[in-house]
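Student: I'd like to go through this model and ask, label by label, what earns each one. Can we start with a pair of strands?

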Amino acid sequence: IDATGDGDLAFQAGCSYEFGHPETGLTQPMSLIALITGVSHEKIRCFNNTLEYEGRSAKELLREYMEQHGIYTSYGSPSLFHVQDDLYILMINHEYGYSGLKAEDITKATLHARAELHNVINSLRETGELWKNIRIVATAEQIGVREGRRIKGHYYLTEDDLLQGRKHEDAVSHVTFNFDVHSTNPEKEKSIEKRKEKAKPYDIPLRALIAKDVDGLLLAGRCISGDFLAHSSYRVTGNAVSMGEAAGKVAAYSCKNNKLPQQLSVEEVKQIMLGEG
């Protein structure tokens, strides 16, 4: 099972794949987040990302506040997520133009991201007011990489699958997450690309988790088979978890019954997903 996120195992095995935007080859930016503390929950409630105030999003209010104090971030929609008490997650970082497939790129992006996080925290502290005691508890152990290889499978998830809310008899994961394309070009947009159409709840079929070019190889997480826009929805952690569980169950059943995953019947897949296989 290739659960590397980047499709490393499948690539080494010779599988075909896609990477980045089909027209530009650019990938969604990486991001590094931080845990912060030293703030008053009651005083910064208006910046809590889960809430709206007078019809305006917390992201808008936080960005405006920061820009009024001369603080500009690489992510155009700086966000605060309340964890508990005075503990928050801070998201202000986008690292553009780096490849998640290159170790040197990940290193450079990480160093740049950590520097930005510390600079923003120091700048907020210097404003006094709400942030005079703000400090970083921790930054993420490693930078978050949104895109790697998308390995070709027996089914290819597309934008249309999401727009139609397509169901499948061999479904192994049900997704309710919308399109979520973080801008690949900061000169045009530094936040999430806006679009009118929304994804409807849809299924990921087992076939999208089965490598097309190498028998006996399953995929799980963001390296499964799909296009750039579908990937922006299924790539997130919750979906990766359900795909990983499904791939593990299917692999065990296939080994036990001496069958390749693509040889399983719809009924067998349903039994496996119900825990009856």
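Tutor: Sure, and bear in mind that this is a predicted model. Strand S2 (residues 34-37) and strand S6 (residues 87-91) run antiparallel and share three bridges.

Student: What makes S2 and S6 a pair?

Tutor: A pair needs at least two bridges. S2 and S6 have three, so by that cut-off they count as paired. Within this pairing, leucine 35 sits across from isoleucine 89 in S6.

Student: How do you know that strand S5 (residues 79-84) pairs with S6 too?

Tutor: Same test: the cut-off is at least two bridges, and S5 is joined to S6 by five, in the antiparallel sense. Leucine 80 faces leucine 90 in S6, and phenylalanine 81 faces isoleucine 89 in S6.

Student: What is special about the backbone in the hairpin of S5 and S6?

Tutor: The hairpin has two residues between its strands, and aspartate 85 there takes a positive phi near 45 degrees.

Student: In what order do the strands of the open sheet come?

Tutor: The order is S5-S6-S2-S7, four strands with antiparallel pairing.

Student: What makes S5 and strand S7 (135-139) edge strands?

Tutor: Each of them pairs on one side only. As for the twist, neighbouring strands of this sheet are turned by 30 degrees against each other on average, direction ignored.

Student: How do you know which strands helix H3 (residues 103-126) packs on?

Tutor: By contact, which means heavy atoms within 4.5 Å. H3 touches S2, S6 and S7, and its direction makes about 160 degrees with that of S7.

Student: Let's try a single residue. Why is isoleucine 33 called partly exposed?

Tutor: Buried means under 20% relative accessible area and exposed means over 50%. Isoleucine 33 comes out at 35%, so it falls in between and is called partly exposed.

Student: Where does isoleucine 33 lie, and what does it touch?

Tutor: Isoleucine 33 is in the loop between strand S1 (17-18) and S2. Leaving out residues up to four places away in sequence, isoleucine 33 touches Ile89, Leu90, Met91, Leu117, Thr139 and Ala140. The C-alpha atoms of isoleucine 33 and histidine 94 are 9.8 Å apart, with their positions 61 residues apart along the chain.

Student: What does the protein chain look like overall, in helices and strands?

Tutor: The protein chain has seven helices and 10 strands. Its C-alpha trace spans about 65 × 35 × 35 Å along the principal axes. Of its 277 residues, 45% count as buried, and residues 24 or more positions apart make up 71% of the contacts with a separation of 6 or more.

Student: On to the pockets. How much space lies in the largest pocket, and which residues are closest to its centre?

Tutor: The largest pocket holds about 630 Å³ of space. Of the 24 residues lining it, Val181, Ile192, Glu193, Lys194 and Arg195 are the closest to its centre. By class, that lining has seven nonpolar, eight polar and nine charged residues.

Student: What makes up the lining of the second largest pocket?

Tutor: Nine nonpolar, eight polar and four charged residues. The second largest pocket has about 450 Å³ of space, and of its 21 lining residues Val145, Arg146, Arg235, Val236 and Thr237 lie nearest its centre.

Conventions
Residues numbered from 1 in each chain as written. Predicted model: local features only at pLDDT ≥ 70, side-chain atom pairs only at ≥ 80, totals over all residues. Heavy atoms only, no water. 1 Å grid on protein atoms, 1.4 Å probe; cavity = no way out; pocket = protein on both sides within 12 Å on 5 of 7 lines; lining within 4 Å. Points joined across faces, edges and corners; volume = space filled by probe spheres on them. Nonpolar A, V, L, I, M, F, W, Y, C, P; charged D, E, K, R; others polar. Axes fitted to C-alpha atoms, helices over the stretch in contact; angles between N-to-C directions. Buried < 20%, exposed > 50% of the residue type's maximum accessible area, 1.4 Å probe, protein only.
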